[in-house]
Amino acid sequence: MSEAVTMDKIVSLCRRRGFIFQSSEIYGGLNGAYDYGPMGVELKNNIRDFWWKEMTQMHDNIVGLDASILMHPRVWEASGHVSNFTDPMVDCKVCKSRFRADQIDLNAPCPVCGNKGSFTEPRNFNLMFQTHIGANADAASIVYLRPETAQGIYVNFKNVLQSSRVKLPFGIAQVGKSFRNEIATKNFIFRSCEFEQMEMQFFCKPGTDEEWFPYWREQRMEFYKKMGIHPDHLRWHQHGPDELAFYAKDAYDIQFLFPMGWQELEGVHSRTDYDLTQHEKFSGKDLTYLDPETNERYIPYVVETSAGLTRNVLMALSDAYDEEATPEGDVRTVLHFHPAIAPVKVAVLPLVKKDGLAEYATKLEHDLRSDFYTFYDQSGAVGRRYRRMDEIGTPYCVTVDYQTLQDQTVTVRFRDSMKQERVSADKLSSFIHDAMKNYRRGE
Ligand code: ATP
C-alpha cells in the first residue's frame, strides 16, 4: 500500500472526479448507500466484466444466471437467514451511538462519548430488509431484499441442470445487488447497506470437493493478480473453529490491505450439500443429481466463491492510488489502474486548439471510439491535462502536435512511467491494444 493513501483522500478523490457520491447528497445523504458517478460506473462495470469473463468465458463448465432480488420468503427460512442472519447490537445509553457488540470491547468506555458502563445488553438484530408484496401489509405478504445472491443460484440448480446440458462438475455465476441492514456502516463503500456481489457456486460430486476447493482458492487469488492488484496487498485468512459456519467443511477469505488495515475481500467456502439439502427439505422438490456414469443419485457438494463487487471497487482504488514527485518538482496524484479496469483507456489531446490540430485530434478520437472508451480534452496546458487524466487513471494519453500534420504520427504518453513514444496514427489502435495486453505496472 502506498504510504500516501488514506480513506479520506480516496473519498475526496472519488467525489471530486465523479467516481462515487453519497446517496441523496442534496438531502443530507443516506447512511450506507452510495451512487456511482460517470467514472465510478465505468470502473465498477469493468471489474464486473473482468470477473464475468474470467469465470464464464474462460472456463468450459460455468454458466451465468441473473435471478431476481425478491424471492419466495421460504427461501430465507431454508437458508437459515430468518433465524440466524443476525449481528449482536448494543447502544450507548448516554450518546445513543449504536455498535456491533462483537466489534468493540464492552468493558471499555464508549468510543464515541467516553462514558463507562453505558452500554445496553447485547441483543440480536436481523440484517435482512423486509418489505411487503401486494396491497396487504400483513405477515403473509412479507418479502425480503436478498442479503446474498447465492440463494438465487441454489434454487435454480435444477432449472439450469435440465435446460443447459451441463454435467457435474459445473458452476453457476451471478452478479447482482444484495442488501443488509448493517448496524455499523463505515469505511465508505467497504460496508454498505446496498452493495453488489459476484458469486459463483460450483457443484461437484461429494468427495471431489477436496480437489475443487484448493483449485478455486488458487484461481481466485490469481484473478486479483491478473487484475493488476499488488501481490503484497493480498493474503489468505483461514476461518478458525469459532468463525466457521456449522455446516461448512472449510472456509478461507482473501483479505486485502485496505487503508484501514487487512479486511475480507472475498470468501471461498466449502459448503458441502447443506444448501441444496435445505432447499430440498423446505420445497419438497427433488434436488438430487443422477450421475450418468455411475447411475448413482446424490446431492452435489458446493464450493462457493463470493466476492463483493463494490468492495472490489474500493480495493482497486486503494491499490491504485499514489502521490508521486514529478521531474518538474511538483506532486501528481495518480491511479495506477490496470488498463482492463481503467474507466477511460485513451485520452486524445491536441497540443493547441488552432491550426487544424483540434480537428485532427477530434477525428482521431472518433476513430478510436469503437475500440476503446475515449476522452477528448483541449482545454488548458497539456501538462495539466495529463494530470487530470492521471487522477482518473487513464493509462494512455495521445497528443496531436505540429509534427502530426506533417508525418501522421502522434505521441503516446504512458501514465505510469510518463514516458512518451511516437506512433504512426494509423497503427494507434493496435499499438494501444498491445500495450494494454502487455501492461505491467510502472511501465
Ligand atoms: P462480514 O462478516 O464482514 O459482515 P460476511 O463474511 O458476512 O461479511 P459474506 O456473507 O461472506 O460476508 O459476503 C461475501 C462478500 O460480500 C464479502 O467478502 C464482501 O466482499 C461482500 N460484502 C458482504 N457484506 C457487505 C457489505 N455490507 N457491503 C459491501 N460488501 C459486502
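Q: What covers the buried residues of helix 8?
A: The cover includes helix 3 (73-78), helix 5 (150-155), helix 6 (157-164), strand 13 and strand 16. Helices (H or I, at least four residues) and strands (E, at least two) are DSSP runs, numbered from the N terminus. This is a predicted model, where local features need pLDDT of at least 70 and side-chain atom pairs count only at pLDDT 80 or more, while totals for chains, interfaces and linings use all residues. Residues are numbered from 1 along each chain as its sequence is written.

Q: Which residues of helix 8 are called buried, and what makes a residue buried?
A: In helix 8 (residues 274-283), they are Asp 275, Leu 276 and His 279. A residue is buried if 20 or more other C-beta atoms, placed from the backbone, lie within 10 Å of its own, exposed if 12 or fewer do, and partly exposed in between.

Q: Why can we say where on helix 8 its buried residues lie?
A: Look down the axis: the buried residues fall within an arc of 95°, so they line one face of helix 8. The arc is that of the directions from the helix axis to the C-beta atoms. Just after helix 8 comes Gly 284, with a positive phi of about 75°.

Q: Is Asn 295 called buried or exposed, and why?
A: Asn 295 has 7 other C-beta atoms within 10 Å, so it is exposed. Its place is the loop between strand 14 (289-290) and strand 15 (297-298). Asn 295 also has a positive phi of about 65°, although it is not a glycine.

Q: Why does Met 418 get its exposure class?
A: Met 418 has 15 C-beta neighbours inside 10 Å, so it counts as partly exposed. Met 418 sits in the loop between strand 22 (409-414) and strand 23 (420-424). Its phi is near 65°, a positive value in a residue other than glycine.

Q: How do you know which exposure class fits Glu 194?
A: Glu 194 has 17 other C-beta atoms within 10 Å, so it is partly exposed. Glu 194 belongs to strand 10. Not counting residues up to four places away in sequence, Glu 194 touches Ala 33, Lys 177 and Phe 179; two residues are in contact if their C-beta atoms, placed from the backbone, lie within 7 Å.

Q: How do you know which class fits His 233?
A: With 17 C-beta neighbours inside 10 Å, His 233 is partly exposed. You can find His 233 in the loop between helix 7 (209-226) and strand 11 (234-238). His 233 and Ser 318 are 85 residues apart in sequence, and their C-alpha atoms are 9.9 Å apart in space.

Q: What makes a set of residues a nonpolar core, and which members of the largest one touch the most others?
A: A nonpolar core is a set of buried Ala, Val, Leu, Ile, Met, Phe, Trp, Tyr and Cys residues joined through C-beta atoms within 7 Å. The largest has 85 residues, of which Phe 202, Val 313, Leu 314, Ala 316, Leu 317, Ala 347 and Val 398 touch the most other members. Helix 9 gives the most to this core, with 7 residues.

Q: Why can we say where this core lies relative to domain 1 and domain 2?
A: Domain 1 (41-70 + 146-317) and domain 2 (344-437) both give residues to this core, so it lies between them. The domain bounds come from an automatic or database domain assignment. Taken over C-alpha atoms, the centres of domain 1 and domain 2 are 40 Å apart.

Q: Which residues around the ligand come nearest, and what makes a residue count as near?
A: Of the 16 residues around the ligand, Phe 195, Gly 267, Ser 306, Gly 308 and Arg 311 come nearest. A residue is near a molecule or strand if its C-beta atom, placed from the backbone, lies within 6 Å of it. Strand 10 (194-204), strand 13 (261-272), strand 16 (301-308) and helix 9 (309-320) are the elements giving two or more residues to this shell. Strand 13 has the largest share, 4 residues.

Q: How many residues of each class does the shell around the ligand have?
A: There are 3 nonpolar, 6 polar and 7 charged residues. Here Ala, Val, Leu, Ile, Met, Phe, Trp, Tyr, Cys and Pro count as nonpolar, Asp, Glu, Lys and Arg as charged, and the others, Gly among them, as polar.
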